[in-house]
Amino acid sequence: MKAAVFHGVEEPLQIEEVEPPTADDDQIVVETEACGICRSDWHAWKGDWDHMGVIPMDGLIFGHEPAGTVAEVGDDVERFREGDSVTVPFCLGDGTCEHCRSGHANVCERLMPLGFIKPAPGAFAERFPVREADFNVVKQPDSVDPVEIAGLGCRFATAFHGLVHRVDLTAGDWVAVHGLGGVGLSAVHVANALGANVIGVDIIDEKLDKAEELGADETLNANDVKDVPQAVKQFTESSKGVDIAVDALGVPETCQNAFNSLGKTGQHLQIGMTEGEDGGHIPIPMDNLVYDEREIVGSYGIPPNQYDEIFRMMDRGKIDPGKIVTETV
């Protein structure tokens, strides 16, 4: 089969013929119909995450936002048959640890991130295997286009999990999203669907326009103001600051701007991952966190048991992950 294969940091991926996967007893093999291209692929390709032990090896196949059709079923798999339309969260749990058993498979003790390690080759290929298929794989609605499901992938699902399950968002809250790439635009769309007042912040006008299309009530070009947090606060009642701030990029400037745009008792949702030179560390004004009783929480992927919530909202037309997809290759 053909696959896009990694051969070195910042080296172009090579389209090559590789050995097709076969299903172990607990696995299925999925024929790829679509797969998102994510900033996380870029981070791994750049070698940004060696401080976390994520070191891409020669021959690795990226791709962690897939939609496809079951092509082969392992002997022990009960829930799936050839021809089923499926998607897969990129955080592949083992199904047995305490986190998996309590509904938090995205932080499994023995997590395998799809497309980032050799034992879990990804979906930049004609086919890919999935471990513990009965636990990890999700049947997708028959009426949904594969590209739309691929848009769910990491970016939309991570934003959804963060805003629905990691922070205390209620209708009418002010939410500022800093960085309007795929996950940032997803956060805008989800927050709007949940009834929040949404502020989109970026430095590219086209992204700000897209945020407005997806439900942003206010937008701000960070290049146009000297003090981004203060400019964000001006949109809120009495300029007190936002209830929830999302850093969807992971660079010091956006992270600090997001945190500093919070009001008292506000929550900072960190979704963006850092670049190599930061090594996972971004300074935060800790005293402000203490005396304003702010919180910092993270969102990493989504456990498979939460996909039904997304599908129900899609079915009712409240969210549309396909709107986030702006280009296909």
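Select R101 to begin: in this predicted model, R101 is exposed, with a relative accessible area of 61%. That value puts R101 in the exposed class because the class takes residues over 50%. Widen the selection to residues 98-101 and you have helix α2, where R101 lies. Next, show what surrounds the residue. Apart from neighbours within four places in sequence, R101 is in contact with G95 and T96. With T96, look at the backbone oxygen: a polar atom of the R101 side chain lies 2.3 Å from it.

Now go to D48. This residue sits in the loop that runs between α1 (39-46) and β4 (66-73). Is D48 buried or exposed? D48 is buried, and it has no salt bridge. Display K46 as well, the nearest side chain of opposite charge, which is 6.1 Å away from D48. What does the side chain of D48 make a polar contact with? The partner is the side chain of H43, at 2.8 Å. Then add G276, whose backbone nitrogen lies 2.9 Å from a polar atom of the D48 side chain. To see the surroundings, select W42, H43, T274, E275 and G276: D48 is in contact with these residues, leaving aside its neighbours within four places in sequence.

The last stop is helix α9, residues 286-291, which includes Y291. Y291 counts as exposed, at 57% relative accessibility. Select M286 and V290 together with Y291 and switch on the surface; the three form a nonpolar patch there. Together they have about 350 Å² of accessible area.

Notes
Residues are numbered from 1 along each chain as its sequence is written. This is a predicted model: local features need pLDDT of at least 70, side-chain atom pairs count only at pLDDT 80 or more; totals for chains, interfaces and linings use all residues. Side-chain values use heavy atoms; hydrogens and water are left out. Patches are made of residues with over 30% relative accessible area and no salt bridge: like charges are joined within 9 Å, nonpolar side chains (Val, Leu, Ile, Met, Phe, Trp, Tyr) within 5 Å. Accessible areas come from the Shrake-Rupley method with a 1.4 Å probe; for residues, only the protein chains shown count as cover. A salt bridge is a side-chain nitrogen of Lys or Arg within 4 Å of a carboxyl oxygen of Asp or Glu. Helices (H or I, at least four residues) and strands (E, at least two) are DSSP runs, numbered from the N terminus. Buried means under 20% relative accessible area, exposed over 50%, partly exposed in between (1.4 Å probe, protein chains only). Lys and Arg count as positive and Asp and Glu as negative; His and the chain ends are not counted. A polar contact is a pair of N or O atoms within 3.5 Å; within protein, one must be able to donate a hydrogen and the other to accept it, and residues adjacent in sequence count only if both atoms are side-chain atoms. Contact means heavy atoms within 4.5 Å.
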